[in-house]
Amino acid sequence: MTTRRPERETVLHSWTVQARWDAPTVVGGEGAHFVTADGRRVLDLSSQSECCNLGHQHPRVVAAIKAQADRLCYIANAWGAEPRAHLAELLLERAGFAGGRVFFTLGGADANEHAVKFARQARGRPRGTIITKDRSYHGASYAAMALSGDTRTRAAADPVAHGVVHALPPYAYRCPFGTTSDTACGEAAAAHVGELIARAGPHEVAAVLMEVDAGTNGIVPPDSWWPALRRVTRDTGTLLIADEVMSGFGRCGEWFAWQRHGEAGRPDLMTLAKGLTGAHLPLGAVVLSAEVAGALEHEMLATGLTYCGHPLACAAGVAAVEAYADEGLIARSRALGRPLLDALRQLQTRHPVIGDVRGGSGLFAVLELVRDRATREPLAPWPDAPAPLTALVRDALAEGVSLATRGHLILLAPPLVIGEQDLADGLAVLDRLLARHFGAAPAAQGSGGGAA
Ligand SMILES: Cc1ncc(COP(=O)(O)O)c(C=O)c1O
C-alpha cells in the first residue's frame with residue numbers, strides 16, 4: 001500500500017506562507033465544534049471564514065443535499081431547476097425585493113463582479129466608474145481585487161484598469177476625516193463619497209459597492225454611515241450595491257445587515273455567499289431590485305458560469321434559509337450580539353492591549369489590539385500579524401478554541417447555533433491567553449464568561 005503524501009507537500013493554501021502551513025486536518029464537525037483527525041473537538045469562534053453560520057454539518061442542510069443528489073445533481077443554467085427557482089423566491093422575499101431577480105454565482109468574488117456588470121449594464125455605462133473603499137475586501141479574483149481596498153494585494157491589483165475609485169473608510173476608531181464622534185465619522189465618510197461622485201461626474205459613475213457592516217478588514221462602520229450613503233447615492237442617481245457576503249444571514253442580527261436601517265438602508269443590488277448555504281456548498285448570489293432587473297429584461301445578459309445556480313448548492317441554500325427561519329437564528333444572533341459586546345468590553349477593562357471593541361449587532365465583534373491606548377498605536381503596522389497574537393492563536397487551538405485574526409485584530413464570529421456556555425467558555429480561554437501573552441491582568445471575576 002502506498003503512503004499518502006502529507007497535504008503540505010501537495011496543496012497550496014490560501015492567505016498563508018506555504019512553508020509555515022501546519023494546520024491540523026479536520027475530519028468532522030457538529031454544531032459549533034469541529035473535530036480534528038487526532039480526535040480533538042475544537043470550538044469554532046470564527047465559523048471558519050465567517051461562513052458556517054449554521055454550525056458544522058447542519059442536519060437539515062446535509063439531508064437536503066443528499067435528497068437533491070438522488071434527484072438531480074446538475075442541469076445547466078439555461079434550463080430551469082426547482083431548487084434554483086425556490087431559493088430565488090425565498091431570497092427576494094427575505095429582502096423584500098418584490099419583482100426583483102437573482103443571479104447565482106459560485107461565491108462572493110464572482111457575485112461582486114457580476115453585481116458590477118449588472119449595475120453598469122442597467123445604467124448603460126459599460127465601463128462606468130465604481131466607487132468602493134479602502135480597508136475593504138470583496139474577493140480575490142482580479143476584478144474583485146481591484147474593487148477591494150486591501151493592502152495585501154494592492155501591488156497586484158489595478159483599480160484604474162477596472163474603473164474603480166477608492167473612498168476613505170468610515171473607520172471611527174481612526175477616523176480619516178479627523179472627527180471625534182462615531183456619528184460624525186459615518187456622516188463624513190458618506191459625504192466624501194458624494195464628493196467623489198461629483199468629481200468623477202455623476203454620469204460617469206455606475207455604482208457604489210461597499211460592505212454594509214461586518215467585513216474581513218474588521219471595520220464596523222458607525223450606524224450613521226449606511227443611511228447617509230444611501231441618501232448620497234439616491235440623490236446623485238448612483239446605484240448602491242451592498243456586499244452582504246459576510247454580513248448577511250444573521251451575522252449582524254438581521255437577514256441582511258442593511259435591514260437594520262429599514263427602508264432608509266435599502267440598496268439597489270446586494271451580493272451574498274458564505275451564510276447562503278452556511279458554507280455547506282459553494283454558492284453566491286446577486287439580488288437585483290425590480291428597477292435594476294427591469295432595465296436588463298430585454299437585453300442580452302452577456303455573462304454566465306457553467307455552475308451558476310447549481311441544483312445541489314441551491315437545494316442547500318433552500319434548506320439553510322429554512323433552518324435560519326425555523327430555528328429563529330437571526331433573532332438569536334441579534335439577542336446574543338449585545339451580551340457578547342458587553343463581555344468583550346469587560347475584557348477591555350482588564351487588558352490594556354485591547355484598544356477598541358466594536359460590533360455587537362449580531363454575533364460579530366472585533367478586538368483591536370494596540371501598543372498604547374492613549375496613542376492608539378497598533379500592535380503591528382496593518383496588515384502585519386503581531387508575533388504574540390500568532391502565539392495566542394496557537395495556544396488557543398491547543399486549548400480547543402479556534403480564533404480568527406486579521407493583522408492586529410481578533411474577529412469573533414461564532415456559529416449562530418453556539419451554546420451560551422460554550423461562548424462563555426471560549427471567552428474565558430481568550431481572557432486567560434490575553435493575560436499570558438500581553439501581561440498579567442488583575443484576577444478576573446468568574447473569568448471572561450457571561451457572554452450571553
Ligand atoms: C465582504 C466580502 N465580500 C466578498 C468576499 C469574497 O467571497 P469569496 O471568498 O466567496 O469569493 C468575502 C470573503 O471573505 C467577504 O468577506
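These legends accompany several views of a predicted model.

**Figure 1. The whole chain at a glance.** Let's start with the full fold, in which the secondary structure comes to 12 helices and 16 strands. The radius of gyration of the chain is 22 Å, close to the 22 Å that the globule rule gives for 452 residues, so the chain is as compact as a globular protein of that length. Along its principal axes, the C-alpha trace spans about 65 × 60 × 40 Å. Of the 452 residues, 53% are buried. If you like contact maps, take those contacts between residues at least 6 apart in sequence: 71% of them join residues at least 24 apart.

**Figure 2. Two domains in one chain.** The domain assignment gives domain 1 as 7-57 + 328-438, and domain 2 as 72-326. Domain 1 is therefore written as two segments, with domain 2 falling between them in the numbering. A distance of 25 Å separates the C-alpha centres of domain 1 and domain 2.

**Figure 3. Where domain 1 meets domain 2.** Here 28 residues of domain 1 are in contact with 26 residues of domain 2. On the domain 1 side, the elements that give two or more residues are helix 1 (47-50), helix 10 (329-350), strand 11 (354-359), strand 12 (365-372) and strand 16 (409-412). Which element gives the most to this side? That is helix 10, with 5 residues. By residue class, the domain 1 side divides into 14 nonpolar, 7 polar and 7 charged.

**Figure 4. An open sheet of 7 strands.** Follow the strands across this sheet and you will read the order 4-10-9-8-7-5-6, with mixed pairing. At the edges sit strand 4 (101-105) and strand 6 (164-167), each of which pairs on one side only. On average, and with direction ignored, neighbouring strands of the sheet are turned by 20 degrees against each other.

**Figure 5. Strands 7 and 8, with a helix packed on the sheet.** Zooming in, strand 7 (residues 205-211) and strand 8 (residues 239-243) run parallel and are joined by 5 bridges. A handy place to look is Ala-207, which stands opposite Leu-239 in strand 8. Helix 6 (residues 182-200) packs on the sheet, where it touches strand 5 (129-133), strand 6 and strand 7. How is helix 6 directed with respect to strand 6? The direction of helix 6 makes about 150 degrees with that of strand 6.

Key: Residues numbered from 1 in each chain as written. Predicted model: local features only at pLDDT ≥ 70, side-chain atom pairs only at ≥ 80, totals over all residues. Pairing = 2+ DSSP bridges. Helix = DSSP H or I, 4+ residues; strand = E, 2+ residues; numbered from the N terminus. Axes fitted to C-alpha atoms, helices over the stretch in contact; angles between N-to-C directions. Contact = placed C-beta atoms within 7 Å. Rg over C-alpha atoms; globule rule 2.2 N^0.38 Å. Buried ≥ 20, exposed ≤ 12 C-beta atoms within 10 Å, placed from the backbone. Domains from an automatic or database assignment. Nonpolar A, V, L, I, M, F, W, Y, C, P; charged D, E, K, R; others polar.
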